[in-house]
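Thanks for sharing this one. Here are some notes to read alongside the structure.

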Amino acid sequence: MDNFSDIPGEIFDKLQAANQVVVLTGAGVSAESGVPTFRGSEGLWRNFKAEDLATLDAFIKDPSLVWEWYNMRRETIAPLNPNPGHLAIAEMEHLFPQFTLITQNVDGLHKLGGSTNPVEMHGNIWKTRCIAEGTVFENRDTPLKEIPPHCPDCGEMVRPHIVWFGESLDTIVLSCVFDAAKRADIFFVVGSSSIVQPAASLAHLAKSNDAMILEFNLEPTMDSDIVHSSVLGPSGETLPKFLESFKSH
Ligand code: BV8
């Protein structure tokens, strides 16, 4: 579906009547800002796959290599701006009685785009965490002053404050995102390949509680069989258009 007049009116009716709206975003929502997606062709670095470097084992084995990867990503992301897709999601916050934004992204672009309280379920690339004390720091140095960086309090090494593959998510974050999915009347999945767990289970949880699932992606995904409607195209274009059509409905 790529023409907004094709959107069935019942979707906008349901959206108008919605109490709890949830948006889950993945790397695709930041693609038009210039952030490389995980599984796109640009997802490689020095022939390493993200899944190989974003792990505790990789960090323990070679913290400097992992920090060089994050340093490169931070330098890539630092000059980038939110795109109209981020701005549309920020506007959605004010259109519904209850709204929750859950993001898998660590780039911080939702906050920069005006979203006031994104649930960053995989952490944030601008935060570090002391491996000794667990203290979390904001660190916006690009490039990093030293690799690996060290805790300003105790001098121990710090790690990215990011959830790596094989690591459990924060229990409070988990209960927050599962609760939002259970209560959702409408659940948007924007720019995600719906591969990574537990994020990919959220739309199914929402669906099992009678939510309408709407997918915004360049192409069909693993979740397309459970969605009510797929809006195909770049989310930086499709989300603003969808929102305009909804507001004039
Ligand atoms: C967990 C931070 C419990 C890192 C990320 C074996 C051992 C251990 C665990 C597992 C295992 N096998 C499977 C697992 C579970 C694993 C998992 O899901 N693996 C996958 C690969 C199968 N999950 C975990 O490990 C999670 N923890 O399960 O804990 C546990 C604990 C121990 C043992 C067992 C279980 C933790 C997962 C968190 C990983 N960290 N990020 C970093 O960034 O450095 S995930 C990473 O992938 C990013 O956050 C990214 O956002 C996310 C998901 O990917 P997508 O966002 O979907 O991005 P992708 O590139 O895939 O797709 C982009 C999409 O956008 C595409 O569909 C494309 O078409 C679309 N698109 C592109 N451009 C646009 C667009 N759409 C619209 N407009 C556009 N312009």
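The points below cover the cores, two helices and one histidine, and please keep in mind that this is a predicted model.

1. Let me start with the largest nonpolar core, which has 26 residues; Trp-69, Tyr-70, Ile-125 and Trp-164 touch the most other members. Two or more residues come from each of α3 (50-53), α4 (56-61), α5, β6 (123-130) and β8 (158-162), and α5 gives the most, with six. Because domain 1 (4-35 + 80-122 + 169-248) and domain 2 (41-77 + 128-162) both contribute residues, this core lies between them.

2. Trp-164 deserves a look of its own. Beyond its neighbours within four places in sequence, Trp-164 is in contact with Ala-54, Thr-55, Leu-56, Phe-59, Val-66, Tyr-70 and Arg-159.

3. Helix α5 (residues 63-77) has 15 residues, and its end C-alpha atoms are 21 Å apart, in agreement with the 21 Å expected at 1.5 Å a residue. The buried residues of α5 include Trp-67, Trp-69 and Tyr-70, but also Asn-71, Arg-73 and Arg-74.

4. Now to helix α1 (residues 9-17), where Ile-11, Phe-12 and Leu-15 are buried. Seen down the α1 axis, these residues fall within an arc of 95 degrees, so they line one face of the helix. They pack against β1 (20-25), β9 (186-190), β10 (212-217), β11 (229-232) and α10 (235-247).

5. Finally, His-86 sits in helix α6 (residues 84-92). With 0% relative accessibility, His-86 counts as buried. Its side chain makes a polar contact with that of Ser-30 (3.3 Å). Outside its neighbours within four places in sequence, the contacts of His-86 also include Val-29, Leu-109 and His-110.

Methods. Residues are numbered from 1 along each chain as its sequence is written. This is a predicted model: local features need pLDDT of at least 70, side-chain atom pairs count only at pLDDT 80 or more; totals for chains, interfaces and linings use all residues. Side-chain values use heavy atoms; hydrogens and water are left out. Buried means under 20% relative accessible area, exposed over 50%, partly exposed in between (1.4 Å probe, protein chains only). Helices (H or I, at least four residues) and strands (E, at least two) are DSSP runs, numbered from the N terminus. The arc is that of the directions from the helix axis to the C-beta atoms. Contact means heavy atoms within 4.5 Å. A polar contact is a pair of N or O atoms within 3.5 Å; within protein, one must be able to donate a hydrogen and the other to accept it, and residues adjacent in sequence count only if both atoms are side-chain atoms. The expected span of a helix is 1.5 Å times one less than its number of residues. A nonpolar core is a set of buried Ala, Val, Leu, Ile, Met, Phe, Trp, Tyr and Cys residues joined through side-chain atoms within 4.5 Å. Domain bounds come from an automatic or database domain assignment.
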